[in-house]
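Please open the structure in your viewer and keep the selection panel at hand. The tour below proceeds one selection at a time.

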Amino acid sequence: MRPLAGQVVLVTGASRGIGAAVARKLAQGGAKLALVGLEPDELKKVAEDCGPDAGWWEADVTDADSLRAAVEGVAERYGRIDVVMANAGIAAPGFTRSMDPKAWERVIDVNLLGVWKTVHLTLPYLLESKGYLLLVSSLAAIVHIPGLASYNVAKAGVEAMGDTLRPELKHLGVRVGVAHMTFVDTDMVRGVDTHPVFGKVRTGIPMVSRTYPLDFAVGKFVEGITRRSRTVHVPGWIGALKVVRWALPHIIEAGSRFSVPKADAAALADVRARGAEASSRPTGAGGLADAEKAAGR
């Protein structure tokens, strides 16, 4: 464990949600926050909340040149990077057979390849500082909810990436953690819940129907970063769930045998009514910002 005071912490996806909230809390402990995201106005507000030592850089994690400029800017300003929280992510609900393929692939680009690019570009600085890398995965890496295939795939990949990097980097002094959280009260989750089809799918599954307070998740993340933990579970029962993960696909299949056919028909109707692009658009204001960025607007 290292004191947070004076440490330089780079957070991607820092414009809002868990990234912004964790940044604010870390700043209260004396950390210097380097905020990276897509929404300049929101980043500026978060930086102001984090105090005079905080800085912000607009960057798209799927754009290596954009992200490289941000990382180099952070290193130039602070002289070091001690902690990286690879958090940027989007969710685009939809059944694989009917959702917009571009939305499906964009989730992989942001949530998996964006994490890889973040790791690749920040790792030289973490090797120098013998720092800590926290990759934000999800309960979705373990519990594969119908209607979130691309998100499930991406988050499972992030978990595998973290589990692979951990032994690769341990002898070099870099610690690696993987965070798994269930649904937390953020703009992205609220956006999923307002979807005319998939909000009902999510809230109808007992294991994941509860939405946890943001402050609860923030406390777990800050504790994990402070301790340089190998895992961060929000809530703790996710750790126990991993032990029986082999059984979960069978449970989900059994529990979905009635609900999924109805939701599939509703999804097709929604696509016919609104179009595949609108029906499977990434959720929340952050998702909208990413969609606009991807469209070049």
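What follows is a sequence of selections, each with a short account of what is there. Please keep in mind throughout that this is a predicted model.

**Stop 1: the annotated domain**

Begin by selecting residues 7–181, the range that an unreviewed UniProt entry annotates as "domain: Ketoreductase". Coloured by secondary structure, this range of the chain is 51% helix and 18% strand. The C-alpha atoms at the two ends of the range are 25 Å apart.

**Stop 2: the segment before β1**

Next, select Pro 3, which is found in the segment before β1 (8–12). Is Pro 3 buried or exposed? Its relative accessible area is 65%, so Pro 3 is exposed. Now add Ile 81 to the selection and draw a distance between the two C-alpha atoms. Pro 3 and Ile 81 are 78 residues apart along the chain, and their C-alpha atoms are separated by 15 Å.

**Stop 3: helix α2 and the loop after it**

Select helix α2, residues 40–50, and display the side chains of Lys 45 and Glu 42, both of which lie in this helix. The two residues are three apart, about one turn of the helix. They form a salt bridge in which the closest N and O atoms are 3.6 Å apart. Lys 45 counts as partly exposed because its relative accessibility is 46%. Glu 42, at 23% relative accessibility, also counts as partly exposed.

Continue along the chain to Asp 53, in the loop between α2 and β3 (55–58). With a relative accessible area of 42%, Asp 53 is partly exposed. Select Met 161 as well: it is 108 residues from Asp 53 along the chain, and the C-alpha atoms of the two are separated by 31 Å.

**Stop 4: helix α8**

Select helix α8, residues 214–227, and find Thr 226 within it. What does the side chain of Thr 226 reach? It reaches the backbone oxygen of Val 222, at 2.7 Å. Thr 226 counts as buried because its relative accessibility is 19%, and the cut-off for buried is under 20%.

In the same helix, display Glu 223 and Arg 227, which are four residues apart and therefore separated by about one helical turn. Their side chains meet in a salt bridge, with an N to O distance of 3.4 Å. Glu 223 is partly exposed, with a relative accessible area of 40%. Arg 227 is likewise partly exposed, at 47%.

**Stop 5: helix α11**

Move to helix α11, residues 259–274, and select Arg 274 and Asp 270. Because these residues are four apart in the helix, about one helical turn separates them. The side chains of Arg 274 and Asp 270 meet in a salt bridge, at 2.8 Å from N to O. Are the two partners buried or partly exposed? Asp 270 is buried, with a relative accessible area of 9%, whereas Arg 274 counts as partly exposed at 40%. How many salt bridges does the structure hold? There are twelve, including the pairs shown on this tour.

**Stop 6: the largest cavity**

The tour now turns to empty space. Rolling a probe the size of a water molecule over the atoms shows where such space is left. The count comes to three cavities of 30 Å³ or more. To find the largest, select Asn 87, Ala 88, Gly 89, Ile 90 and Met 188, the lining residues nearest its centre. This cavity holds about 730 Å³ of space, and its lining consists of 45 residues. At least two lining residues come from each of α1 (17–28), β2 (32–37), α4, α5 (149–170), α6 (187–193) and α13. Coloured by class, the lining shows 24 nonpolar, 15 polar and six charged residues.

**Stop 7: the second largest pocket**

Finally, select Asp 100, Glu 277, Pro 282, Ala 291 and Ala 294, which lie nearest the centre of the second largest pocket among its 14 lining residues. The elements giving two or more residues to this lining are α4 (101–129) and α13 (284–294). Helix α13 gives the most, with four residues. The pocket has a volume of about 290 Å³. By class, its lining has six nonpolar, one polar and seven charged residues.

Notes. Residues are numbered from 1 along each chain as its sequence is written. This is a predicted model: local features need pLDDT of at least 70, side-chain atom pairs count only at pLDDT 80 or more; totals for chains, interfaces and linings use all residues. Side-chain values use heavy atoms; hydrogens and water are left out. UniProt positions are given in the numbering used here, feature names are shortened, and annotations may be inferred rather than shown by experiment. Buried means under 20% relative accessible area, exposed over 50%, partly exposed in between (1.4 Å probe, protein chains only). A polar contact is a pair of N or O atoms within 3.5 Å; within protein, one must be able to donate a hydrogen and the other to accept it, and residues adjacent in sequence count only if both atoms are side-chain atoms. A salt bridge is a side-chain nitrogen of Lys or Arg within 4 Å of a carboxyl oxygen of Asp or Glu. On a 1 Å grid over the protein atoms alone, a cavity is a set of points where a 1.4 Å probe fits but cannot get out, and a pocket is an open set with protein on both sides within 12 Å along at least five of seven lines; lining residues have an atom within 4 Å of a point. Grid points are joined across faces, edges and corners, and a volume is the space filled by probe spheres set on the points. Ala, Val, Leu, Ile, Met, Phe, Trp, Tyr, Cys and Pro count as nonpolar, Asp, Glu, Lys and Arg as charged, and the others, Gly among them, as polar.
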